[in-house]
Structures are given as C-alpha cells and as structure tokens.
Amino acid sequence: MHTASTLARVTALAVGIAGVLAVGHVNAAAFQLKENSAKGLGRAFAGSGSAQGDASIIAVNPAGMRQLEGMQIQGDLSAISFKAEYEGTGRKPTGQPQTGGDGGDAGMIAPVPAAYFHMPIGEQAHFGVSLTAPFGFKTDYDNGWVGRYSGLKTDLKAIDLGFAASYDVNPYVSFGASVFVEHLTIELSNNIDFGTALAQSRVPGFAPGSADGKLTVEGDNNAVGWTIGGLFSPDENTHIGISYRSKVEHKITGGDATFDVPANAAAVLAVAQPGRFVSTSGKATLTLPASATLSVTHNVNDRWTVMGDVTRTAWSTAFDQVTIDYASAQPDSVLEFGYRDTTFVSLGTDFKLSDTVTLRGGVAYDQTPTTDAHRDVRVPDTSRKWLSLGVGWTPSANTEYNFGYTHLFTSDPNLIVPATTNNQGNSLTGKYKVRGDVLAASFNYKF
C-alpha cells in the first residue's frame with residue numbers, strides 16, 4: 001500500500017490545531033475581551049485608563065487608582081450574546097459538493113465576570129487586586145456540518161488574577177504597575193477525513209467522507225504578565241492615562257490530543273503509519289499579545305464629562321508562527337496565522353442627570369486582525385462598530401449600581417478556505433452572518 005506520502009499530508013491536516021490557537025471573538029479584536037466593567041461598557045470603554053470612579057482601572061492602568069475614593073470593592077458581570085451563522089458551500093477534494101449542513105448558530109451566550117478591590121496606603125500610595133477575563137471565546141458547530149474538517153468546537157478561556165500598586169508623586173502625576181497570573185485553558189475538536197487520504201492511496205472501500213475520524217485537543221497553562229502605567233493631570237478636570245500590558249507566553253507542556261479513528265481506517269493506518277493518529281500528549285507555545293492604551297478624560301462642567309481611548313494590540317508578533325510538538329510519531333506542525341496589528345478607538349460621555357443618576361453613551365471602532373486571506377471557521381471575525389448606552393445609580397454615598405449595553409454593527413465576513421489548508425483537501429466558500437450584543441451590570445461598595 002502506497003500510503004506514506006498521502007498520510008503524511010493527512011498528518012499535518014489532522015493536526016488541525018491551527019484552530020486551537022486561531023480562535024476569534026465578536027466583541028473585541030480576535031479573542032481579546034474588553035468586557036471588564038458595566039460602567040465602561042456604557043461608554044464603549046472610552047476613558048478606561050483615565051476616568052474617575054471605576055475600579056476596573058486597576059487592571060487597565062494601575063496608576064489610575066488615584067481616581068478611586070477610599071477602600072472599595074466592585075463586582076461586574078457581562079453577558080455576551082454572539083451569533084455566527086455560515087452561508088455557503090463546500091467541496092470535496094474530488095471537486096464534488098461536500099455533504100453536510102450549515103453548522104447552525106456556532107455562537108453562544110456567555111457570562112464574563114470581573115471583581116476588584118482597592119485600598120489606599122497612606123496619603124499617596126494605593127494597592128489593588130483584580131480578577132478579570134481578558135481573553136476568551138467559544139464556538140460549537142453541529143455535528144456533520146459542511147466545514148467539519150476545519151472545526152467543530154473551540155473553547156478558550158484566560159483568567160487573570162492581578163496585584164497592583166501605585167504612587168502619587170503629587171495630585172497631578174501618578175505611576176503604577178501590576179503583576180498578574182494568567183490561567184489559560186483550551187479545547188478544540190474537528191473531524192478528520194481519513195476516507196480521502198485512503199482513497200487517494202487506492203485503498204479499496206474508501207472514498208472522500210466515507211471514514212470520518214475526530215481529533216480533540218485540550219491543554220492548560222499558568223503564566224505571568226505585567227502592566228505599567230502613568231496618569232497625568234494638567235489640571236483638576238483633565239486626566240491622561242498611558243498604559244502598557246505585556247504579552248504573555250504560555251508554554252503548554254501537558255496537552256492531550258485524542259484521536260478517534262474508525263475501525264476500518266485504523267486497521268490500515270496501524271500497518272501504513274504505526275504510531276500515528278494515536279492519542280498522545282503534546283506541547284506548544286501560545287503567546288497572547290501585548291497592548292498599549294492612551295486614555296483621556298475631561299470634565300466639561302459639573303454635569304458633562306467626555307472621554308476617549310485608543311488601544312493598539314500587537315497581534316502580528318504574537319501570532320506569527322506556532323509549532324505543535326507531539327510526544328508520539330505524529331510529525332510536528334508549523335502553523336502560520338497572518339494576524340495583523342489592530343487599533344481600537346472609542347469616544348464616550350457621562351451626563352449627570354441628578355445627584356443619584358448618571359447617563360452614559362459611547363461609540364467605538366474595533367479592527368479585526370483577520371483578513372479574507374487569513375480567516376477560517378474558528379475565526380468568523382470582522383471589524384465592527386459599537387453603539388453603547390449606560391446608566392448609573394448611586395442611592396447612597398457608599399453604594400453604586402451601573403448598567404451598560406452595547407450593540408455591535410458588523411459586515412458579513414467572507415470565508416474562503418482553499419483545499420491547500422489544514423482540511424484534508426476540502427474547501428469552503430461563503431460568508432458569515434455575525435451579530436453581537438453585550439449587557440452588563442455592576443455593584444460598587446465603599447467602606
């Protein structure tokens with residue numbers, strides 16, 4: 001049986017692990033999350049590193065703790081509704097139409113929690129703790145869908161526990177830094193078209209799509225990152241925040257790759273490619289990107305405050321190339337992503353309706369790191385425009401409630417998956433309907 005060359009191709013394709021790393025999210029570039037504050041959501045996160053009275057500044061710009069009053073705790077919960085529906089066709093390696101459905105709605109409704117604690121130390125120092133989820137995403141397609149060889153399920157979560165400190169040089173200049181521990185978990189699955197590889201090798205009884213297997217990959221890792229920042233106030237009404245969040249390198253050494261191979265294909269593979277397509281451990285290095293933020297807040301008068309943010313995220317250096325190393329005879333896979341750096345820009349405002357009620361609004365433009373040439377079923381991502389509204393209620397000097405809502409306006413991203421990529425010679429051509437809404441609430445208590 002002349003199966004070696006063909007099965008070598010399947011090995012690289014079956015790895016399909018490009019998908020475990022190239023996950024996407026509808027509410028920030030790729031799988032980056034901004035949802036860490038209901039108050040911030042209400043103004044499209046304008047002023048995230050410079051505005052007063054929002055404890056989420058501990059995670060964004062630790063120098064901004066100067067903007068917090070006394071000891072306080074804050075809890076936020078965001079609910080993200082994300083829809084991703086594929087419309088298009090697929091082709092088998094033979095050029096015939098691919099069987100299967102459209103995958104249904106691969107999106108989700110997911111909670112994103114955050115929590116903060118702030119404590120002043122003396123007259124000029126501050127200490128803060130934050131618990132946030134800066135990266136995360138999940139898609140789940142119906143079994144047997146037309147793009148099953150490119151992806152079935154993708155689930156990525158990153159949770160940060162951060163400890164921050166800052167020092168006020170004077171009432172107008174502050175510097176701060178934080179160190180955080182990030183816990184990353186990844187799970188993905190996709191089908192493997194063993195039927196195509198065996199048919200091309202002239203093994204009797206096999207045809208494209210006749211022997212579907214499955215690959216499931218899981219891994220987790222803890223890594224450390226840091227954030228530094230400064231807050232500069234030319235006067236008591238204007239605040240300028242500058243912050244930088246480091247990249248975080250996750251070295252996943254205990255990952256599991258589980259292969260589910262049909263019995264008829266397994267019998268052939270055991271002879272032609274012994275030691276391959278067997279469940280094994282593996283390792284890979286995944287780098288989550290660095291980002292820099294410039295944030296400005298200006299109090300126009302006693303009622304109006306305006307804010308603006310610009311964030312630049314360095315996707316291109318973090319997601320250039322990733323190598324997957326298996327403990328078995330499975331060959332390594334070198335994955336090319338082609339992500340580009342992105343810019344997020346937002347403008348927002350607060351209007352103090354009364355002593356107890358504040359209204360908010362904001363708009364934003366969020367650029368995707370993907371392009372038509374580098375987009376797959378695990379990243380149905382597109383640039384989007386934000387429209388945000390919010391309200392805050394302060395029933396007492398110690399208690400504050402905030403609510404925020406954002407609707408995302410998106411175009412329908414194209415999907416062109418050629419037969420030469422990691423999908424066993426199968427191709428996809430179509431587009432996605434992508435929609436997103438976010439609703440958030442928070443509670444703040446000052447001791």
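This report walks through the cavities, pockets, salt bridges and aromatic contacts of a predicted model.

## The largest cavity

Let's start on the inside. The structure has five cavities of 30 Å³ or more, and the largest of them comes in at about 490 Å³. Its lining is made up of 29 residues, and the ones nearest the centre are Leu 33, Asn 36, Ala 59, Val 60 and Arg 245.

Which elements build that wall by giving two or more residues each? They are α4 (57-60), β3 (125-140), β4 (153-170), β5 (173-193), β7 (238-245), β10 (291-299) and β11 (304-313). The top contributor is β3, with five residues. As for chemistry, the lining of the largest cavity splits into 12 nonpolar, 12 polar and five charged residues.

## Salt bridges around the cavity strands

Arg 245 is worth a second look. Besides lying among the residues nearest the centre of the largest cavity, Arg 245 makes a salt bridge with Glu 182, with 2.9 Å between the closest N and O atoms. Arg 245 belongs to strand β7 and Glu 182 to strand β5, so this contact ties together parts of the chain that are 63 residues apart in sequence. Buried or exposed? Arg 245 counts as buried, at 16% relative accessibility, and Glu 182 is buried too, at 0%.

Strand β5 takes part in another salt bridge, this time through Glu 187, whose partner is Lys 153 at 3.7 Å, N to O. Lys 153 sits in strand β4, and the two residues are 34 apart along the chain, so the program-style label of "distant parts" applies here as well. Glu 187 has 23% relative accessibility and counts as partly exposed.## The largest pocket

Now for the open spaces. The largest pocket has a volume of about 780 Å³. It is lined by 33 residues, and those closest to its centre are Lys 39, Gln 52, Lys 352, Thr 358 and Glu 400. At least two lining residues come from each of β11, β14 (342-352), β15 (357-366), β16 (384-393) and β17 (399-410).

How do the residues lining the largest pocket divide into nonpolar, polar and charged? There are six nonpolar, 16 polar and 11 charged residues in the lining.

## A salt bridge at the pocket centre

Two of the residues closest to the centre of the largest pocket, Lys 39 and Glu 400, are also partners: their side chains meet in a salt bridge at 2.9 Å, N to O. This contact spans a long stretch of sequence, with Glu 400 in strand β17 and Lys 39 in helix α3 (residues 38-41), 361 residues apart. Glu 400 counts as buried at 10% relative accessibility, and Lys 39 is buried as well, with a relative accessible area of 7%.

Across the whole structure there are 14 salt bridges. Some charged residues are joined into a network of these contacts: Arg 43, Asp 350 and Arg 360 are linked this way.

## Aromatic contacts

The structure holds 16 aromatic pairs. One of them joins Tyr 86 and Tyr 432, whose ring centres are 5.5 Å apart with 55 degrees between the planes, making the pair tilted. Tyr 86 comes from strand β1 (residues 72-91) and Tyr 432 from strand β19 (residues 427-446), so far along the chain that 346 residues separate them. Both Tyr 86 and Tyr 432 are buried. They also belong to an aromatic cluster, together with Tyr 141 and Trp 145.

Phe 259 and Phe 277 give another kind of geometry. Their planes stand at 85 degrees, with centres 5.8 Å apart, so this pair is edge-to-face. Why edge-to-face? The cut-off is an angle over 60 degrees, and the 85 degrees between these rings puts the pair in that class. Phe 259 lies in strand β8 (residues 248-260), while Phe 277 is in the loop between α6 (263-272) and β9 (280-288); the pair therefore ties together parts that are 18 residues apart in sequence. Phe 259 has 9% relative accessibility and counts as buried, and Phe 277 is buried at 5%.

## A charge over a ring

One last contact mixes the two themes. The charged end of Lys 34 sits over the ring of Phe 344, 4.2 Å from the ring centre.

Definitions and conventions
Residues are numbered from 1 along each chain as its sequence is written. This is a predicted model: local features need pLDDT of at least 70, side-chain atom pairs count only at pLDDT 80 or more; totals for chains, interfaces and linings use all residues. Side-chain values use heavy atoms; hydrogens and water are left out. Rings of Phe, Tyr and Trp (its six-membered ring) pair if their centres lie within 6.5 Å; planes under 30 degrees apart count as stacked, over 60 as edge-to-face and the rest as tilted. Helices (H or I, at least four residues) and strands (E, at least two) are DSSP runs, numbered from the N terminus. Buried means under 20% relative accessible area, exposed over 50%, partly exposed in between (1.4 Å probe, protein chains only). A charge sits over a ring if NZ of Lys or CZ of Arg is within 6 Å of the ring centre and within 35 degrees of the ring normal. On a 1 Å grid over the protein atoms alone, a cavity is a set of points where a 1.4 Å probe fits but cannot get out, and a pocket is an open set with protein on both sides within 12 Å along at least five of seven lines; lining residues have an atom within 4 Å of a point. Grid points are joined across faces, edges and corners, and a volume is the space filled by probe spheres set on the points. Ala, Val, Leu, Ile, Met, Phe, Trp, Tyr, Cys and Pro count as nonpolar, Asp, Glu, Lys and Arg as charged, and the others, Gly among them, as polar. A salt bridge is a side-chain nitrogen of Lys or Arg within 4 Å of a carboxyl oxygen of Asp or Glu.
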